[in-house]
Amino acid sequence: MDWFLQEPLLENQLISFSPGIGGVLLLVASAILLVGALVAAWWFKKTVIVGVLLVGWTLVTYSGLMISAGPGDIPVNLTVHDTIEEAIAVGRDNEQVELLAVFEEEQEEVFAVYQINERHLAAERLKVEDDGYRKYLDASVEIENGFLTGGDQFMDTFMFTTNDWVDNERASTYVSLGYADKDIESVEIELNGEWRDANVKNNVFIHVESTNETFPEAHRYLIKPINGKDLEVEKRQFIHEGHSH
């Protein structure tokens, strides 16, 4: 691949398919060779002719695909921010962002839960570096107007298959996020008939789970306040691919 790339890849940069004129011409020639091989096999019935055309088709197709490859997206932003507050404020210059809780899921990442304009509840996955925090290109969820329309509590589960919440390309990742206007002792989330403990802090909670299974959309939350009656909430569906709600 290094022979074909026109410029070196940056750290964490992916390879994308971006054909130029040369790549397009080679792929067109590849199609012509393939059609020629099929015609030769049907009309001339000569193994040598068909074999030569197929070898040519293989080489031209490979060359066309390889020179059409180029530097693509960077799943992790190269900018390192000194604090979590600085990281989550990127792209929200005219908005009021208040960090509510930070959950250290692993040594190399944290989940930041924050409020936007006293209206929306959002969560974001950040990569931990020695000197700060990096943002992923697409690892955030947002419950729009949750603090205005959700009442005493609100929560949703987001299901991802392709973005930066997902660690395994074959897996689905389920991100459950919520808030309760009371002191919470614990929160349990029922997915696929099994209860999971969510991370809870400062009246917000989050649970992130990657799996090769596809869970049924109907699921439940069980919120246990420190002083008060347990609250169980039925949810009928996930928010797919992280669209805001």
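Thr173 sits in strand β8, which covers residues 172-180, and in this predicted model the residue has a relative accessibility of 0% and therefore counts as buried, the cut-off being under 20%. The side chain of Thr173 makes a polar contact, at 2.7 Å, with the side chain of Ser210.

**Surroundings of Thr173**
- Apart from neighbours within four places in sequence, Thr173 is in contact with Phe158, Met159 and Phe160, with Trp165, Val166 and Asp167, and with Val208, Glu209 and Ser210.
- Ser210 thus appears both among these contacts and as the side-chain partner in the polar contact of Thr173.

**Overall form of the chain**
- The protein chain contains four helices and 15 strands, and because its radius of gyration of 25 Å is well over the 18 Å that the globule rule gives for 245 residues, the chain is more spread out than a compact globule.
- Measured out along the principal axes, the C-alpha trace spans about 85 × 40 × 30 Å.
- Of the contacts with a separation of 6 or more, 57% join residues that are 24 or more positions apart.

**Burial and surface**
- Buried residues account for 40% of the 245 residues in the protein chain, while the chain exposes about 14300 Å², of which carbon and sulfur atoms supply 51%.
- Val35, Val39, Trp42, Trp43, Phe44 and Ile49 together make a nonpolar surface patch of about 730 Å².
- Helix α1, residues 21-43, gives the most to this nonpolar patch, with four residues, whereas Phe44 lies in the loop between α1 and α2 (47-67).

Conventions
Residues are numbered from 1 along each chain as its sequence is written. This is a predicted model: local features need pLDDT of at least 70, side-chain atom pairs count only at pLDDT 80 or more; totals for chains, interfaces and linings use all residues. Side-chain values use heavy atoms; hydrogens and water are left out. Patches are made of residues with over 30% relative accessible area and no salt bridge: like charges are joined within 9 Å, nonpolar side chains (Val, Leu, Ile, Met, Phe, Trp, Tyr) within 5 Å. Accessible areas come from the Shrake-Rupley method with a 1.4 Å probe; for residues, only the protein chains shown count as cover. A salt bridge is a side-chain nitrogen of Lys or Arg within 4 Å of a carboxyl oxygen of Asp or Glu. Helices (H or I, at least four residues) and strands (E, at least two) are DSSP runs, numbered from the N terminus. The radius of gyration is taken over C-alpha atoms; the globule rule is 2.2 Å times the number of residues to the power 0.38. Buried means under 20% relative accessible area, exposed over 50%, partly exposed in between (1.4 Å probe, protein chains only). Contact means heavy atoms within 4.5 Å. A polar contact is a pair of N or O atoms within 3.5 Å; within protein, one must be able to donate a hydrogen and the other to accept it, and residues adjacent in sequence count only if both atoms are side-chain atoms.
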